[in-house]
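Let's take a walk through this structure together, one stop at a time. Have the sequence and the 3D view at hand.

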Amino acid sequence: MKKIFNGKKTTKLGTEKKPAVVNVQTEERLKEVSSIFEEKGWTFIIELEPDKPEDITDLDILLNPQKTKIVENKVGRNEPCPCGSGKKYKKCCGK
């Protein structure tokens, strides 16, 4: 059996231990991106590299955090079918 959780906390992005790393191509973009980080109070590293394509994935992750997914309850095999037929789920839509 394989363990998934190792007991260690994951470090939050944008903190001292795990700063956000961003690559930009121009000086203007560097100022724009750094102002966003400073406004939010996140720790960051910005690299100015005109030869490489812009990479702001860490900034996108921080600005748009994932929302918690809510899973709907599954219909049991022997429960009435949700279609309203009156039959058990296993005999109707659960084929």
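One term first: a contact means heavy atoms within 4.5 Å. With that in hand, start at P80, which touches V75, K87 and Y89 if you skip residues up to four places away in sequence. P80 sits in the segment after α2 (57–63). Helices here are DSSP runs of H or I with at least four residues, strands are runs of E with at least two, and both are numbered from the N terminus.

Before going further, some ground rules. This is a predicted model, in which local features need pLDDT of at least 70 and side-chain atom pairs count only at pLDDT 80 or more, while totals for chains, interfaces and linings use all residues. Residues are numbered from 1 along each chain as its sequence is written, and side-chain values use heavy atoms, with hydrogens and water left out.

Is P80 buried or exposed? Buried means under 20% relative accessible area, exposed means over 50%, and partly exposed is in between, using a 1.4 Å probe and protein chains only. P80 counts as exposed because its relative accessibility is 62%. Its C-alpha atom is 9.6 Å from that of K91, with the two positions 11 residues apart along the chain.

Now zoom out. The protein chain has two helices and two strands, and from the N terminus on they come in the order β-α-β-α. How far does the chain spread? Its C-alpha trace spans about 65 × 30 × 25 Å along the principal axes. The radius of gyration, taken over C-alpha atoms, is 24 Å, whereas a compact globule of 95 residues would have one near 12 Å; the globule rule is 2.2 Å times the number of residues to the power 0.38. Of the 95 residues in the chain, 18% are buried. Take the contacts between residues at least 6 apart in sequence, and 44% of them join residues at least 24 apart.

Next come the strands. Strand β1 and strand β2 (residues 44–48) run parallel to each other and pair over five bridges; two strands pair if DSSP finds at least two bridges between them. β1 is largely enclosed by the rest of the structure, because four of its five residues are buried.

Two residues of β1 are worth a stop. A20 lies in this strand, which covers residues 20–24. A20 counts as buried because its relative accessible area is 0%. Leaving out residues up to four places away in sequence, the residues A20 touches include L13, G14, F37, T43, F44 and I45, along with D58 and L62. The C-alpha atoms of A20 and F37 are separated by 9.1 Å, and the two residues are 17 apart along the chain.

N23 is also placed in strand β1, and it stands opposite E47 in β2. With a relative accessible area of 15%, N23 is buried. Again leaving out residues up to four places away in sequence, N23 touches E47, E49, P53, E54, D55 and I56. For a long view, find C92: its C-alpha atom is 56 Å from that of N23, with the two residues 69 apart along the chain.

From β1, move on to helix α1 (residues 27–40), where S34 lies. S34 counts as buried, since its relative accessibility is 14%. Setting aside residues up to four places away in sequence, S34 touches F44 and I46.

Finally, look at the charges. The mean positions of the 20 positive and 15 negative charges are 23 Å apart. Lys and Arg count as positive and Asp and Glu as negative, with His and the chain ends not counted. Each charge is placed at NZ of Lys, CZ of Arg, CG of Asp or CD of Glu.
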